[in-house]
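The following paragraphs are meant to be read with the structure open beside them. They begin with a pair of strands, move out to the sheet, and end with the contact between the chains.

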2 protein chains.
Amino acid sequence: MSRFLRVLTLEQAKTKLGENWRPRPHAVTLSLDDVLDRVLAGDVVSKIDVPPFDRAAYDGYAVRASDTFGAGEGAPVELTLVGHLRAGTWPKKRLRKGECIEISTGAPTPKGSDAVAMSEHAVAEGKKVGVYRAVAPSENVAERGSDIRKGQRVAQAGELLTHVRLGVLAAVGAERVRVFPRPKVAVISSGAELVRSGGRLNPGKIYDVDGPALSGAVSSCGAEPVYLGIAPDRASEIRRFVRKGLRECDVVLISGGSSAGAGDIIPQVVDGMGKPGVIVHGLALKPGKPTFIAVLDGKPVFGLPGYPVSALMVFDQLVADYLRDISGAPKPHASTVRARLTARVLSARGRRELVPVRLVDKAGRWLAEPILKGSGAVTSLSTAEGYVEVPLEYELVDEGEMVEVKLFGGGRHG
Amino acid sequence: MSRFLRVLTLEQAKTKLGENWRPRPHAVTLSLDDVLDRVLAGDVVSKIDVPPFDRAAYDGYAVRASDTFGAGEGAPVELTLVGHLRAGTWPKKRLRKGECIEISTGAPTPKGSDAVAMSEHAVAEGKKVGVYRAVAPSENVAERGSDIRKGQRVAQAGELLTHVRLGVLAAVGAERVRVFPRPKVAVISSGAELVRSGGRLNPGKIYDVDGPALSGAVSSCGAEPVYLGIAPDRASEIRRFVRKGLRECDVVLISGGSSAGAGDIIPQVVDGMGKPGVIVHGLALKPGKPTFIAVLDGKPVFGLPGYPVSALMVFDQLVADYLRDISGAPKPHASTVRARLTARVLSARGRRELVPVRLVDKAGRWLAEPILKGSGAVTSLSTAEGYVEVPLEYELVDEGEMVEVKLFGGGRHG
């Protein structure tokens with residue numbers, strides 16, 4: 001295998017991946033308690049009428065509307081009180097002419113009645129109730145099926161289950177629904193210099209940043225990160241980590257060790273693990289050149305750069321949309337901000353360059369300050385809110401030009 | 001107790017609650033794995049330099065810069081290769097004049113060296129390395145502490161922990177951090193007519209909508225819902241549910257049974273459970289008049305209307321901001337949309353009216369269609385993306401006027 005396969009543009013790489021892997025969410029059936037923010041995999045059709053019976057929309061008296069005709073402020077109609085109906089009970093008595101039954105909001109209206117006189121417009125005295133306003137048939141009654149008819153579609157495949165939609169599903173008694181589950185994504189860090197955050201930092205070692213940062217990025221796409229830890233720098237160990245990732249997860253991310261340096265054996269090792277193996281190695285993207293993509297056992301393995309800022313930007317450009325696709329998560333809204341660039345940015349023609357920027361609010365307008373500390377610097381992370389793309393065919397974007405800033409997401413502008 | 005205490009405006013009610021309860025988040029220490037999207041309770045100061053040692057920024061050869069002076073495309077400087085340094089190891093050898101050591105990105109630079117010649121600009125042949133471009137002192141070396149200095153503040157109290165910030169915390173080895181935990185909110189539904197979704201629907205019964213919908217709404221505010229179920233219509237049972245909520249949670253929500261109807265005993269029961277008891281009963285808000293607020297054991301109990309649409313709108317107006325405050329969650333961005341009203345909306349002066357609306361995209365402009373099915377209809381939920389407020393002092397908002405639509409959150413415009 002050559003040091004790099006042919007360097008591809010991002011679009012070519014995605015096409016190549018598309019030829020070898022089809023991101024397909026598989027639906028599962030879950031309880032309503034567990035589906036907030038998941039995406040519905042199938043339409044939901046109501047099996048019941050809602051409400052399932054004619055019921056009082058307000059507290060008052062169930063009446064025959066015709067009995068109240070002619071009632072007015074100064075001329076009440078007098079009816080005989082023959083009972084009380086609470087919500088949750090079922091009426092046994094049939095209402096006859098000249099009668100009324102006290103009724104609570106939500107209680108089924110009794111047979112023989114066809115309207116409810118609101119308690120505001122009635123005065124009870126013992127067994128006599130004076131009704132001071134006439135009601136029309138059906139007035140103040142929520143009729144069976146008036147809200148949702150049996151057989152009506154109440155939610156549609158592809159919809160995001162917000163808490164509001166959960167309420168609708170609850171109303172029709174859809175206790176279990178088919179949704180797309182959160183896909184599992186293995187996150188593997190590699191590099192002999194890495195120590196898990198909080199561990200002992202021996203000479204020559206640094207803390208692993210990509211593990212936690214990529215895990216968080218995976219969560220932000222609606223997927224579930226499974227951080228497998230730091231793979232030691234040996235072929236057998238790398239194989240073991242990747243195999244574990246393929247067994248337990250739908251997608252594998254491995255950061256570091258994918259450039260053409262002496263210690264960078266990962267693409268070679270992964271390539272040997274199955275067919276078709278490594279299908280892309282090298283992107284016309286800066287940072288991101290050493291990125292590789294493999295497909296093994298029908299699952300994709302993304303090899304990301306080791307520098308945290310590079311890893312996150314390549315994740316954003318290459319991986320994020322696939323995870324949203326297979327989690328069924330909607331594309332994020334308002335994930336870009338237009339801003340004025342505060343310094344000239346240079347690039348090489350024929351490669352897309354990503355420049356992390358800090359956003360500064362100047363009198364209500366956004367300025368984008370390029371962060372030139374380099375993608376090896378972790379502080380680029382803490383100050384960068386997003387990045388600017390310099391397209392393939394550009395050599396520079398000048399100071400003062402308006403640019404689209406792609407936000408890292410979840411930030412203070414997200 | 002009168003049927004309603006004095007009806008208050010929303011602002012008066014919040015002032016009254018503020019006099020009796022101070023929402024105060026209490027911080028806890030959690031592992032980095034568990035703090036995504038939580039809010040930092042204290043500054044984080046780095047205990048280490050990052051990087052902790054001078055290290056190679058690229059693959060190449062550690063050199064003395066002065067040895068390379070005069071090197072050029074056609075005139076390489078020849079150095080003697082005396083070793084190899086991989087990332088994660090610690091150099092023992094000291095570099096002398098005329099020597100170089102092959103070095104991987106991230107490896108500590110050896111004593112005696114002060115720069116790295118990139119492998120792109122060098123050719124090795126056996127023990128001889130030709131360097132084709134001069135490097136300045138420090139070139140291609142990430143110096144100790146150049147990224148983050150020991151003692152530097154890397155994150156600030158009040159910041160939302162995005163995946164990007166998690167990366168920074170990981171870099172300084174901050175494995176455990178102080179954050180504001182998700183507050184727990186008890187969700188209780190009440191009403192003798194209610195059956196838990198999916199259960200058997202006997203005559204006179206309907207499915208509980210508020211439980212799942214309010215639980216989801218609580219989650220959306222960064223808090224953790226604890227759905228306690230449906231409280232039977234008896235004082236002893238209501239007391240038992242509320243007591244359980246107060247014991248296990250920071251805030252209690254109870255929906256239904258708070259109006260002035262015959263079966264609506266909840267405010268009375270809650271008022272008797274402690275001091276100061278019910279402090280607000282009745283809001284100048286439609287829907288929402290029967291809302292009550294109690295404070296018991298220093299914790300707030302919110303009594304919300306039983307109709308789902310009403311419950312969600314009152315939650316949004318009255319409860320949501322408190323939950324965000326005690327969870328430390330940031331106020332949501334872009335939670336309103338400006339739209340043109342498609343039909344006149346009437347209101348009563350002296351009360352704030354909330355009208356659920358559906359948003360329609362017409363040639364890139366939003367139209368807000370009032371949903372007039374009433375707050376008892378669950379379908380109002382499935383079609384409503386948010387609501388319009390008619391302020392206290394207005395009697396109508398006319399067709400064609402521009403209005404702010406408050407989004408229910410998590411919806412397709414959120």
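In chain B, strand β5 (residues 60–63) and β8(B) run antiparallel and are joined by 4 bridges. Within this pairing, Ala62(B) lies opposite Val116(B) in β8(B). The model in which these strands are seen is a predicted one.

The pair belongs to an open sheet of 6 strands in chain B, with the order β8-β5-β7-β6-β10-β9 and mixed pairing. At its edges stand β8 (115–118) and β9 (122–125) of chain B; each has a single partner strand, so one side of each is left without a neighbour in the sheet. On average, neighbouring strands of the sheet in chain B are turned by 40° against each other, direction ignored. Strands of a sheet pair through backbone hydrogen bonds, in either the parallel or the antiparallel sense.

Chain A also has an open sheet of 6 strands, in the order β8-β5-β7-β6-β10-β9, and its pairing is mixed. Its edge strands are β8 (115–118) and β9 (122–125) of chain A, each of which pairs on one side only. Neighbouring strands are here turned by 40° on average, direction ignored. At the β9 edge, β9(A) pairs with strand β10 (residues 128–131) of chain A over 4 bridges in the antiparallel sense. Ala122(A) is placed opposite Val131(A) in β10(A).

How are the two chains related? A turn of 180° with a shift of 0.0 Å along the axis lays chain B on chain A with an RMSD of 0.1 Å. The two copies are thus related as by a two-fold rotation axis. The same surface serves both copies, since 99% of the contact residues of chain B recur in chain A.

The contact between the chains takes 70 residues from chain A and 69 residues from chain B. On the side of chain B that touches chain A, at least two residues each come from α3, β16 (206–207), α4 (210–220), α7 (308–327) and α8 (379–383) of chain B. The largest share of this side, 8 residues, is supplied by α3(B). Sorted by class, the side of chain B that touches chain A holds 36 nonpolar, 23 polar and 10 charged residues.

Two helix pairings across the contact can be followed in detail. In one, the axes of helix α4 (residues 210–220) of chain A and helix α3 (residues 163–171) of chain B come within 7 Å and cross at roughly 165°. An angle over 145 degrees counts as roughly antiparallel, and α4(A) and α3(B) are therefore roughly antiparallel to each other. Their crossing is right-handed. From α4(A), the contact is made by Pro212(A), Ala213(A), Gly216(A), Ala217(A), Ser219(A) and Ser220(A), and from α3(B) by His163(B), Val164(B), Leu166(B), Gly167(B) and Ala170(B). By class, the residues of this contact are 6 nonpolar, 5 polar and no charged.

In the other pairing, helix α3 (residues 163–171) of chain A packs with α4(B) at an angle of about 165°, with the axes 7 Å apart. α3(A) and α4(B) are therefore roughly antiparallel to each other, and the crossing of α3(A) and α4(B) is right-handed. Here His163(A), Val164(A), Leu166(A), Gly167(A) and Ala170(A) of α3(A) meet residues of α4(B), among them Pro212(B), Gly216(B) and Ser220(B). The residues of the contact of α3(A) with α4(B) divide into 6 nonpolar, 5 polar and no charged.

Methods
Residues numbered from 1 in each chain as written. Chains lettered and ligands numbered in written order. Predicted model: local features only at pLDDT ≥ 70, side-chain atom pairs only at ≥ 80, totals over all residues. Least-squares fit on C-alpha atoms with pLDDT ≥ 70 in both. Contact = placed C-beta atoms within 7 Å. Axes fitted to C-alpha atoms, helices over the stretch in contact; angles between N-to-C directions. Parallel < 35°, antiparallel > 145°, perpendicular 65-115°, else oblique. Left-handed = near helix turned anticlockwise from the far one by under 90°. Nonpolar A, V, L, I, M, F, W, Y, C, P; charged D, E, K, R; others polar. Pairing = 2+ DSSP bridges.
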